[in-house]
Amino acid sequence: MVINNDTIIKDDDPLIREKSEIVALPLSKEDETLLRDMLQYVKDSTDEEKAEKMNLRPAVGISAIQVGVKKRMCAVVVDETDKDGNPIHYEYMLVNPRIVSRSMQPAYLQGGEGCLSVVTDHEGFVVRNARATIKAFDLVQNKDVEIRARGYIAIVLQHELDHMDGILFYDHINKTDPFKTVDGALVL
């Protein structure tokens, strides 16, 4: 499947608000190919030359619903550094991911969130959980996994899982006070 800025479903399409369906395992060839194409999109989107040539917007994740497929699948690639400055690389192709636990501590990105499916700016803090434990099948590792995520990667994963339930990031922004600080929040 060709995935680019023209083929990604935008938030004015009612499909983006629909709930995605559980995916049968083992994966069909079609589902496996789609997941690999989604992962490649995310990887290529951060290469300026490829992004310009292929009409890609930069991304750290993409869900199947964003390409018009109502299946509980997403691809995520995040590079971070740990508290000692060591690089950490996260790469997932998740099938049927679900949050099994989450912290009470809130978290948000100081600069807000963006989305491939959202063209207009929606400023404000997108309050999520600072930590989340997610169970899923991961095609990268080709097995069932339990991901204990904290900080930025936790926010990214929650963003992608929200897509599977028809929720967009700006649904989490306080409508009356978009930049209201949250006591005790992890601010990134």
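Okay, quick bit of vocabulary before we start: buried means under 20% relative accessible area, exposed means over 50%, and partly exposed is in between. Lys71, at 24%, therefore comes out as partly exposed. And keep in mind that this is a predicted model.

So who does Lys71 talk to? Its side chain meets that of Asp31 in a salt bridge, at 2.7 Å from N to O. This pair links distant parts of the chain, 40 residues apart: Asp31 sits in helix α1, residues 29–45, while Lys71 is in the loop between β1 (61–63) and β2 (73–81). Asp31 has a relative accessible area of just 5%, so we call that one buried.

Searching the whole structure turns up ten salt bridges. Let me pick out a couple more. Staying in helix α1, Arg36 and Glu32 are four residues apart, about one turn of the helix. Their side chains also meet in a salt bridge, this time at 3.2 Å, N to O. Arg36 is partly exposed, with a relative accessible area of 41%.

Next, Glu113 and Arg128. Here we have another salt bridge between side chains, 2.8 Å from N to O. Glu113 is in the loop between β4 (106–108) and β5 (128–129), and Arg128 is in strand β5, so the pair ties together parts that are 15 residues apart in sequence. Are these two buried or exposed? Both are buried. They also have company: Glu113, Arg128 and Asp162 are linked in a network of salt bridges.

Now, on to the strands. Take β6, residues 131–138: six of its eight residues are buried, so the strand is largely enclosed by the rest of the structure. What does β6 pair with? One partner is β3, residues 87–102, in the antiparallel sense over six bridges, and there Ser101 stands opposite Thr133 in β6. Another is β7, residues 143–150, again antiparallel, over eight bridges. In that pairing Arg131 stands opposite Arg150 in β7. β6 and β7 form a hairpin with four residues between them, and Asn142 in the turn has a positive phi of about 55 degrees.

Last stop, the surface. Asp47, Glu48, Glu49 and Glu52 gather there in a patch of negative charge. Glu52 belongs to helix α2, residues 48–54, and its relative accessible area is 72%, so Glu52 counts as exposed. Compare that with Asp31, buried at 5% and holding on to Lys71 in a salt bridge. That's my tour, thanks.

Definitions and conventions: Residues are numbered from 1 along each chain as its sequence is written. This is a predicted model: local features need pLDDT of at least 70, side-chain atom pairs count only at pLDDT 80 or more; totals for chains, interfaces and linings use all residues. Side-chain values use heavy atoms; hydrogens and water are left out. Patches are made of residues with over 30% relative accessible area and no salt bridge: like charges are joined within 9 Å, nonpolar side chains (Val, Leu, Ile, Met, Phe, Trp, Tyr) within 5 Å. Accessible areas come from the Shrake-Rupley method with a 1.4 Å probe; for residues, only the protein chains shown count as cover. A salt bridge is a side-chain nitrogen of Lys or Arg within 4 Å of a carboxyl oxygen of Asp or Glu. Lys and Arg count as positive and Asp and Glu as negative; His and the chain ends are not counted. The place of a charge is taken as NZ of Lys, CZ of Arg, CG of Asp or CD of Glu. Helices (H or I, at least four residues) and strands (E, at least two) are DSSP runs, numbered from the N terminus. Buried means under 20% relative accessible area, exposed over 50%, partly exposed in between (1.4 Å probe, protein chains only). Two strands pair if DSSP finds at least two bridges between them.
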